[in-house]
Amino acid sequence: MINHYGETNSDEKLKKIQLCREITKKIVDFGVDDDQILSIIKFLSYELENVEKMKLLTDFIKELDNDILFVRNEE
């Protein structure tokens with residue numbers, strides 16, 4: 001029988017996911033609408049260290065929403 005001490009990678013990942021779910025619940029409980037949720041996702045994507053993922057996410061969100069919450073560079 002093998003005894004494990006401390007947390008496994010799966011345990012750590014599960015805790016991180018649970019924390020993300022709690023943060024999401026607090027945001028939703030705050031009373032945000034769909035446009036605000038998209039804005040929050042966009043602002044969070046700006047915090048990513050991976051620039052390529054950040055660009056993909058922000059471009060995708062811009063495609064989803066044509067609202068004034070997203071400033072477009074129009075000349």
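Which residues line the largest pocket? The legends below take up that question and others on this predicted model.

**View 1. The largest pocket and its lining residues.** The lining consists of Cys-20, Ile-23, Thr-24, Ile-27, Val-28, Ile-37, Ile-40, Ile-41, Leu-44, Ser-45, Leu-48 and Leu-57. Two elements each give two or more residues to this lining: helix H1 (9–30) and helix H2 (34–45). The volume of the largest pocket is about 410 Å³. By class, ten lining residues are nonpolar and two are polar. No charged residue is part of the lining.

**View 2. The whole chain, three helices and zero strands.** Read from the N terminus, the elements follow the order α-α-α. The chain has 75 residues, and 12% of them are buried. About 7,200 Å² of the chain is exposed. Carbon and sulfur atoms supply 57% of that area.

**View 3. Confidence along the chain.** The mean pLDDT of the chain is 85. A pLDDT of 70 or more is reached by 81% of the residues. Which helix has the highest confidence, and which the lowest? Helix H1 is highest, at 95. Helix H3 (residues 51–64) is lowest, at a mean of 90. Where pLDDT is low, the predicted coordinates should not be read in detail.

**View 4. Thr-58 and its contacts.** Thr-58 sits in helix H3. Is Thr-58 buried or exposed? Its relative accessibility is 5%, so Thr-58 counts as buried. Leaving aside residues up to four places away in sequence, Thr-58 touches Lys-42, Ser-45 and Tyr-46. One of these contacts, Ser-45, is also among the residues that line the largest pocket. Another, Lys-42, is the subject of the next view.

**View 5. Lys-42 in helix H2.** Lys-42 has a relative accessibility of 7% and therefore counts as buried. Thr-58 is a contact of Lys-42. How far apart in space are Lys-42 and Met-54? From C-alpha to C-alpha, the separation is 8.6 Å. In sequence, Lys-42 and Met-54 are twelve residues apart.

**View 6. Ile-37, a lining residue of the largest pocket.** Ile-37 belongs to helix H2. Ile-37 counts as partly exposed because its relative accessibility is 33%, between the 20% and 50% cut-offs. Ile-27 also lines the largest pocket. The C-alpha atoms of Ile-37 and Ile-27 are 8.5 Å apart. Along the chain, Ile-37 and Ile-27 are ten residues apart.

Conventions
Residues are numbered from 1 along each chain as its sequence is written. This is a predicted model: local features need pLDDT of at least 70, side-chain atom pairs count only at pLDDT 80 or more; totals for chains, interfaces and linings use all residues. Side-chain values use heavy atoms; hydrogens and water are left out. On a 1 Å grid over the protein atoms alone, a cavity is a set of points where a 1.4 Å probe fits but cannot get out, and a pocket is an open set with protein on both sides within 12 Å along at least five of seven lines; lining residues have an atom within 4 Å of a point. Grid points are joined across faces, edges and corners, and a volume is the space filled by probe spheres set on the points. Helices (H or I, at least four residues) and strands (E, at least two) are DSSP runs, numbered from the N terminus. Ala, Val, Leu, Ile, Met, Phe, Trp, Tyr, Cys and Pro count as nonpolar, Asp, Glu, Lys and Arg as charged, and the others, Gly among them, as polar. pLDDT is the predictor's confidence in each residue, from 0 to 100. Buried means under 20% relative accessible area, exposed over 50%, partly exposed in between (1.4 Å probe, protein chains only). Contact means heavy atoms within 4.5 Å. Accessible areas come from the Shrake-Rupley method with a 1.4 Å probe; for residues, only the protein chains shown count as cover.
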